[in-house]
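Biologist: Got a minute to walk me through this one? Let's have it on screen.
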Amino acid sequence: MITDINNAHRLESDPAEKTEQTIEDHFAEIENYVNGFASGPTFSDHCGLESQFFPPANFFSDEELKLICRAFEKMMMTYNLTIDYSENVPISLVYEMIIRTLESKTSITNHGMLHFDYCSGYAPDCPWKGFCPCLEI
Ligand SMILES: [Zn+2]
(Lines give C-alpha, C1' and ligand atoms only; values in the text may rest on other atoms or scores of the structure.)
Protein backbone atom coordinates (compact mmCIF):
# COMPACT_ATOMS: atom_id res chain seq x y z
CA MET A 1 0.00 0.00 0.00
CA ILE A 2 2.86 2.39 0.82
CA THR A 3 4.28 1.60 -2.62
CA ASP A 4 0.98 2.56 -4.24
CA ILE A 5 0.98 5.83 -2.37
CA ASN A 6 4.59 6.48 -3.35
CA ASN A 7 3.75 5.73 -6.97
CA ALA A 8 1.09 8.42 -6.86
CA HIS A 9 3.68 11.17 -6.40
CA ARG A 10 3.39 13.98 -8.84
CA LEU A 11 5.88 13.47 -11.63
CA GLU A 12 8.97 15.63 -11.26
CA SER A 13 9.14 16.09 -15.01
CA ASP A 14 5.83 17.92 -15.20
CA PRO A 15 6.53 20.25 -18.16
CA ALA A 16 4.16 22.91 -16.84
CA GLU A 17 6.51 23.50 -13.94
CA LYS A 18 9.48 24.27 -16.17
CA THR A 19 7.83 26.93 -18.28
CA GLU A 20 8.19 30.52 -17.25
CA GLN A 21 5.25 31.82 -15.36
CA THR A 22 3.34 34.54 -17.18
CA ILE A 23 1.28 37.26 -15.56
CA GLU A 24 -1.87 35.51 -16.82
CA ASP A 25 -0.78 32.28 -15.17
CA HIS A 26 -0.11 34.15 -12.02
CA PHE A 27 -3.62 35.57 -11.88
CA ALA A 28 -5.10 32.24 -12.91
CA GLU A 29 -3.37 30.68 -9.92
CA ILE A 30 -4.65 33.31 -7.55
CA GLU A 31 -8.11 32.59 -8.89
CA ASN A 32 -7.57 28.88 -8.31
CA TYR A 33 -6.59 29.63 -4.79
CA VAL A 34 -9.69 31.71 -4.16
CA ASN A 35 -12.00 29.17 -5.75
CA GLY A 36 -10.13 26.59 -3.74
CA PHE A 37 -12.13 23.52 -3.01
CA ALA A 38 -15.40 24.65 -4.53
CA SER A 39 -14.71 23.65 -8.10
CA GLY A 40 -12.67 21.36 -10.30
CA PRO A 41 -11.71 17.72 -10.13
CA THR A 42 -11.12 15.85 -6.88
CA PHE A 43 -7.68 15.13 -5.48
CA SER A 44 -8.31 11.51 -6.48
CA ASP A 45 -8.50 12.64 -10.12
CA HIS A 46 -5.10 14.28 -9.76
CA CYS A 47 -3.16 11.54 -8.01
CA GLY A 48 -5.00 8.44 -9.28
CA LEU A 49 -5.59 6.92 -5.83
CA GLU A 50 -9.19 6.17 -4.93
CA SER A 51 -10.65 6.35 -1.46
CA GLN A 52 -12.30 2.93 -1.76
CA PHE A 53 -8.79 1.49 -2.18
CA PHE A 54 -8.14 2.25 1.49
CA PRO A 55 -9.61 -0.12 4.10
CA PRO A 56 -11.21 1.23 7.29
CA ALA A 57 -8.79 2.55 9.93
CA ASN A 58 -9.44 -0.40 12.29
CA PHE A 59 -7.93 -2.71 9.67
CA PHE A 60 -4.48 -1.42 10.64
CA SER A 61 -2.41 -1.06 13.79
CA ASP A 62 -1.54 2.46 14.96
CA GLU A 63 2.03 1.90 13.77
CA GLU A 64 0.82 1.00 10.28
CA LEU A 65 -1.56 3.96 10.23
CA LYS A 66 1.34 6.27 11.08
CA LEU A 67 3.41 4.93 8.20
CA ILE A 68 0.52 5.22 5.77
CA CYS A 69 -0.33 8.75 6.88
CA ARG A 70 3.30 9.84 6.63
CA ALA A 71 3.61 8.41 3.12
CA PHE A 72 0.29 9.93 2.13
CA GLU A 73 1.16 13.39 3.43
CA LYS A 74 4.51 13.23 1.62
CA MET A 75 2.65 12.36 -1.57
CA MET A 76 0.22 15.27 -0.99
CA MET A 77 3.18 17.63 -0.66
CA THR A 78 4.27 16.76 -4.20
CA TYR A 79 0.92 18.31 -5.26
CA ASN A 80 1.47 21.34 -3.02
CA LEU A 81 -1.33 20.13 -0.78
CA THR A 82 -1.21 19.75 2.95
CA ILE A 83 -3.65 18.86 5.69
CA ASP A 84 -3.84 20.74 8.97
CA TYR A 85 -4.67 19.07 12.25
CA SER A 86 -3.73 19.32 15.91
CA GLU A 87 -1.09 17.03 17.33
CA ASN A 88 -3.56 15.40 19.69
CA VAL A 89 -5.76 14.01 16.91
CA PRO A 90 -5.80 10.17 17.10
CA ILE A 91 -4.00 8.57 14.18
CA SER A 92 -7.15 6.67 13.11
CA LEU A 93 -8.98 9.98 12.67
CA VAL A 94 -6.02 11.48 10.77
CA TYR A 95 -6.18 8.45 8.49
CA GLU A 96 -9.91 8.91 7.85
CA MET A 97 -9.38 12.58 7.11
CA ILE A 98 -6.46 12.13 4.70
CA ILE A 99 -8.56 9.57 2.79
CA ARG A 100 -11.32 12.15 2.70
CA THR A 101 -8.99 14.54 0.85
CA LEU A 102 -9.24 12.18 -2.15
CA GLU A 103 -12.95 12.99 -2.41
CA SER A 104 -12.38 16.71 -2.03
CA LYS A 105 -12.47 18.93 -5.04
CA THR A 106 -9.21 20.77 -5.40
CA SER A 107 -7.12 22.55 -7.93
CA ILE A 108 -3.39 21.99 -8.02
CA THR A 109 -1.16 25.02 -7.75
CA ASN A 110 2.52 25.22 -8.60
CA HIS A 111 3.11 28.03 -6.16
CA GLY A 112 2.40 27.93 -2.48
CA MET A 113 0.43 25.31 -0.63
CA LEU A 114 -3.28 24.57 -0.43
CA HIS A 115 -4.39 23.59 3.05
CA PHE A 116 -7.16 21.17 3.92
CA ASP A 117 -8.43 21.77 7.40
CA TYR A 118 -12.15 20.88 7.08
CA CYS A 119 -13.02 23.10 9.98
CA SER A 120 -15.75 25.70 9.49
CA GLY A 121 -14.89 27.17 12.88
CA TYR A 122 -18.23 25.95 14.23
CA ALA A 123 -17.33 23.33 16.81
CA PRO A 124 -20.48 21.11 16.71
CA ASP A 125 -20.00 20.59 12.96
CA CYS A 126 -16.27 20.11 13.12
CA PRO A 127 -15.16 16.76 11.66
CA TRP A 128 -12.14 16.74 13.97
CA LYS A 129 -14.50 15.78 16.81
CA GLY A 130 -13.13 17.71 19.72
CA PHE A 131 -9.49 17.63 18.62
CA CYS A 132 -9.65 21.01 16.96
CA PRO A 133 -8.59 24.46 18.19
CA CYS A 134 -12.05 25.78 17.16
CA LEU A 135 -13.42 24.37 20.43
CA GLU A 136 -11.34 26.80 22.43
CA ILE A 137 -12.57 29.88 20.59
ZN1 LIG B 1 -12.75 22.75 14.18
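Modeller: One term up front: pLDDT is the predictor's confidence in each residue, from 0 to 100. This is a predicted model, so local features need pLDDT of at least 70, side-chain atom pairs count only at pLDDT 80 or more, and totals for chains, interfaces and linings use all residues. Residues are numbered from 1 along each chain as its sequence is written.

Biologist: Which element has the lowest mean pLDDT, and which the highest?
Modeller: Helix H2 (residues 15-18) is lowest at 47, and H5 is highest at 96. Helices here are DSSP runs of H or I with at least four residues, strands are E runs of at least two, and numbering starts at the N terminus. The protein averages 83, and 78% of the residues score at least 70.

Biologist: What order do the elements run in?
Modeller: From the N terminus, α-α-α-α-α-β-α-β. That is six helices and two strands.

Biologist: How much of the protein counts as buried?
Modeller: 19% of the 137 residues. Buried means 20 or more other C-beta atoms within 10 Å of the residue's own, exposed means 12 or fewer, and partly exposed is in between, with C-beta atoms placed from the backbone.

Biologist: Which residues touch the most other members of the largest nonpolar core?
Modeller: Phe 72, Leu 81 and Tyr 95, in a core of 20 residues. H4 (43-47), H5 (62-77), H6 (91-103) and strand S2 (114-116) each supply at least two of the core's residues. Such a core is a set of buried Ala, Val, Leu, Ile, Met, Phe, Trp, Tyr and Cys joined through C-beta atoms within 7 Å.

Biologist: What is Tyr 95 in contact with?
Modeller: Ala 57, Leu 65, Ile 68 and Cys 69, leaving aside neighbours within four places in sequence. Contact means C-beta atoms, placed from the backbone, within 7 Å.

Biologist: Where do H5 and H6 meet?
Modeller: Among the residues involved are Phe 72 and Met 76 in H5, and Tyr 95 and Ile 98 in H6.

Biologist: Switching topic. Which loop holds Asn 80?
Modeller: The one between H5 and strand S1 (81-83). Asn 80 has a positive phi of about 60°, though it is not a glycine.

Biologist: Is Asn 80 buried, exposed or partly exposed, and why?
Modeller: Partly exposed, because 15 other C-beta atoms lie within 10 Å.

Biologist: And where is Lys 129?
Modeller: In the segment after S2. Its phi is also positive, near 50°. Lys 129 is exposed, because it has 11 other C-beta atoms within 10 Å.

Key
Contact = placed C-beta atoms within 7 Å.
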